[in-house]
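This report looks at one protein chain, with attention to a run of paired strands and to a pair of packed helices. Please keep the sequence and the model at hand while reading.

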Amino acid sequence: MQQIIPESTSPISPTLQTGVRRLGINPNHWYVVARTSEVINKPLSVTIWKKAIALYRDSTGKVHALEDRCPHRQVKLSHGQVINNELECAYHGWRFNSEGECAAVPYLAANQKLPTCKIHHYPVKEQDGFIWLFPADVEPNIEPLGLPEWEHLNYIATVSVINTQAHYSYLIENLMDMYHGHLHQDLQAWAEASLQNIDEDENSVHAHYTAQSYYKIDKIWSISQLFFPALRRLHPEPLDVSYVYPHWVSTLGNDFKIYCLLCPVNETETKAYLIHFTSLNAFWRLHKLPVWFRRFIKDSLFGAAQKLLDGLVIQDVKMIEEEQQAYLQNSQIRNYELNRALVSVQKLMKTQIEKLG
Ligand code: FES
Ligand SMILES: [Fe+2]
């Protein structure tokens, strides 16, 4: 459904605004809980919406996700170690298999049976550089969002981690409201955003803006614009931002694609991974070079936009956390919102929870 922006806009209803700050998550989606490189043969403790989960890699390299709780005495299993394909608790050495069943107790007497205690295990996938987890108690019937650019030789990636003491709705609204380019003026990210129209369905909101971009990646040396602001020139580009529940995706012209992959921790804490891809598609000569050389260029330029991305995150997090604090001090205070994309985004967040019944 396409929604044309009306001439006059009205503020978002205060009830909709305040209710959204306490929303839970719809667990029937794939969330990102870690980077692939963070999960080694030592267990890693992560939290997705108040659920503590132990991630570990077995001897074949496969990643598993178990509830981070030993059913013997309720301590965290992630303090333990991986023995073959099982997770061994640090306290008394009980071992659990990837189904969450107790597989061994080191001091089990000959006349004793293994305890039948079982902990929860979660569907987990390793894909495109990240660990995707499905936190619902049912089998997934959808696929993770996926980042085709992660392996593609024509894209250079930069990753920045967001850890913010704020509800996930503040982060999503920040990412969907391109009028906040004002905040990033010193970093020269984009300028003069203007919302044109919105497409939405039950799982996504796509907001189409026009904007001015500072970057034009049309020569191989133009990548140096990422490092040297003096080389940047403003020019018009379409700026599309999408909330594809529970994640966010954006394109700025043909040169940039950005993802924000969410891991909401609780009502006042959110972790997320921001992944920026610079496209090399404009260099047709590059495509004729051997694959090993293209891979070398991709790997050597990994993190090219790090300074820019980290700078944007610091500025955004400061604002988001102040919004959260203001809400905690007075949840009745009313915002004056003029951006219709945010109305759609808040509605989507609520609809996702209402679906749960
Ligand atoms: S508490 Fe885990 S083995 Fe005893
Ligand atoms: Fe921002």
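## Burial, strand pairing and helix packing

Of the 357 residues in the protein chain, 37% are buried, a value that, like the others in this report, is computed from a predicted model. The secondary structure of the chain consists of five helices and 18 strands. When contacts between residues at least 6 apart in sequence are considered, 61% of them join residues at least 24 apart.

**Strands E15, E16 and E17**

Strand E16, which spans residues 247–252, is mostly covered, since five of its six residues are buried. E16 pairs with strand E15 (residues 235–244) in the antiparallel sense, and E16 also pairs in the antiparallel sense with strand E17 (residues 256–266). The table sets out the two pairings together with the connections between the strands.

| Strand pair | Sense | Bridges | Residues in the hairpin between the strands |
|---|---|---|---|
| E15 and E16 | antiparallel | six bridges | two residues |
| E16 and E17 | antiparallel | five bridges | three residues |

Individual bridges help to locate these pairings on the model: valine 244 has histidine 247 in E16 as its bridge partner, while serine 250 has isoleucine 258 in E17 as its bridge partner. In the hairpin that links E16 and E17, glycine 253 adopts a positive phi near 55 degrees. As background for reading such strands, side chains in a regular strand alternate between the two faces of the sheet.

**Helices H2 and H5**

Helix H2 (residues 168–176) is mostly covered, with nine of its nine residues buried. The buried residues in H2 include Tyr168, Tyr170, Leu171, Asn174 and Leu175, and among them are also Ser169, Ile172, Glu173 and Met176, four residues that in addition meet helix H5.

How do H2 and H5 pack, and at what angle? H2 packs with H5, which covers residues 340–354, at an angle of about 145 degrees, and the axes of the two helices lie 10 Å apart. The crossing of H2 and H5 is right-handed. On the H5 side of this contact, the residues that meet H2 are Ala341, Leu342, Val345 and Met349. By class, the contact of H2 with H5 comprises six nonpolar residues, one polar residue and one charged residue. The charged member is Glu173 of H2, because Glu belongs to the charged class, and Glu173 is also listed among the buried residues of H2.

Conventions: Residues numbered from 1 in each chain as written. Chains lettered and ligands numbered in written order. Predicted model: local features only at pLDDT ≥ 70, side-chain atom pairs only at ≥ 80, totals over all residues. Buried ≥ 20, exposed ≤ 12 C-beta atoms within 10 Å, placed from the backbone. Pairing = 2+ DSSP bridges. Contact = placed C-beta atoms within 7 Å. Axes fitted to C-alpha atoms, helices over the stretch in contact; angles between N-to-C directions. Left-handed = near helix turned anticlockwise from the far one by under 90°.
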